[in-house]
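Please read these comments with the sequence and the structure open side by side, and check each point against the residues it mentions.

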Amino acid sequence: MNSKRLKQLLLLTMLFSLSGWAQTTVPVTLAYPQGEPTANELIHQVYYVNHLYTFHRLPLEQQMAGMNVIVKKEVGKKPRTIVAERHLNATYNNGRIKSRELVYFHYGASRGTGMLITDHVDEQRSIGYRVWLPSLRKVRAMPTSALEDLWGGSDFTFADVRLRRPTDEWHQLLGTVTFDRCIRTLLLSDDETNRWSKQRPQKSCAHTGKRVYVVKSYPKYKRANYDYRISYIDTENFGDYLVAFYQGDRLVKEIEKDWQSMGTPDPRGVYWNHWYAKNYQTGHQSLVFILRNGMRYSADGDNRFWSDRTMRRFNR
């Protein structure tokens, strides 16, 4: 497998991984805010929610597993589909590992490939990525990627799916409003669908009418492909339903997220049912969703499941 293919594979796994960047400023023990949060506090809470840190409070038998489907649609081209199985584990208490995720690609260009993603307690260490290459029947270590690299040719960047560190931007709280739209989905004709994409969710209007914080964020880092972005954040669970990106006053991209409750005592115990993105410069659209019957828990196992040995056994 060449370096370009390895890079594409790494970008595909970013959306599935549980924890964030090395040197993150958001602890897994982040408390629920009391009173009215500031803009910086809100973005910390959004980071906590997007990285599913609530799972750090749950036992192994309640760690999440599921089948994720990615559909990418470019103008004038047939949609492309990738299907991956994911297993999370955030129960490590050895002082070294914060979390691990095991990903196996069932369908698409990377079929048969496995990925083991490790986030370390030591925040000076980068996230570890190890990939099982079925063509070589070997496991290889992989480097991290640049912030604005596109995730597998989709409309999400590495920064989008890893949610940028709160300290990568300046933040301004604009106030609260009533969320007045539905979360969109990808519209496909019958001849554009396959056995996976036909199971995509419908648009969700479950969040219409909810109160949301509005936060405007300006990037500090170079090569950012936007001048600022505006996030619409649930006032109770801190899920970001909509993120709009601007170049000057021109809207260039939107990402919409359908957050669903896990029924935990902590209101932040939510997971995403689907993400939808549209690039208004190219007309491209992307959808990532969890199969309706694909969400389950990683029961009947121990920490040894998240290992190179398991990856080598996937194809068997």
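The numbered points below go through some strands, one residue and the nonpolar cores.

1. Before anything else, please keep in mind that this is a predicted model, and that the points that follow should be read as descriptions of that model.

2. A good place to begin is strand E8, which covers residues 211–219. Seven of its nine residues are buried, so strand E8 is largely enclosed by the rest of the structure.

3. Which strands pair with E8? Strand E7 (residues 169–178) pairs with E8 in the antiparallel sense over nine bridges, and strand E9 (residues 228–234) pairs with E8, also in the antiparallel sense, over six bridges. To find these pairings in the model, you can look for Val-177, which stands opposite Val-212 in E8, and for Lys-216, which stands opposite Ile-230 in E9.

4. Is Gln-285 buried or exposed? Its relative accessibility is 16%, and because buried means under 20%, Gln-285 counts as buried. This residue lies in strand E13, which spans residues 285–290, and the side chain of Gln-285 makes a polar contact with the side chain of Tyr-276 at 2.6 Å.

5. Turning to the nonpolar cores, the largest of them has 38 residues, and Met-115 and Ile-233 are the ones with the most contacts inside it. A second core, separate from that one, has 11 residues, among them Val-83, Leu-186, Phe-289 and Leu-291.

Terms used:
Residues numbered from 1 in each chain as written. Predicted model: local features only at pLDDT ≥ 70, side-chain atom pairs only at ≥ 80, totals over all residues. Heavy atoms only, no water. Helix = DSSP H or I, 4+ residues; strand = E, 2+ residues; numbered from the N terminus. Buried < 20%, exposed > 50% of the residue type's maximum accessible area, 1.4 Å probe, protein only. Polar contact = N/O pair within 3.5 Å; in protein donor to acceptor, adjacent residues only side chain to side chain. Pairing = 2+ DSSP bridges. Core = buried A, V, L, I, M, F, W, Y, C linked by side-chain atoms within 4.5 Å.
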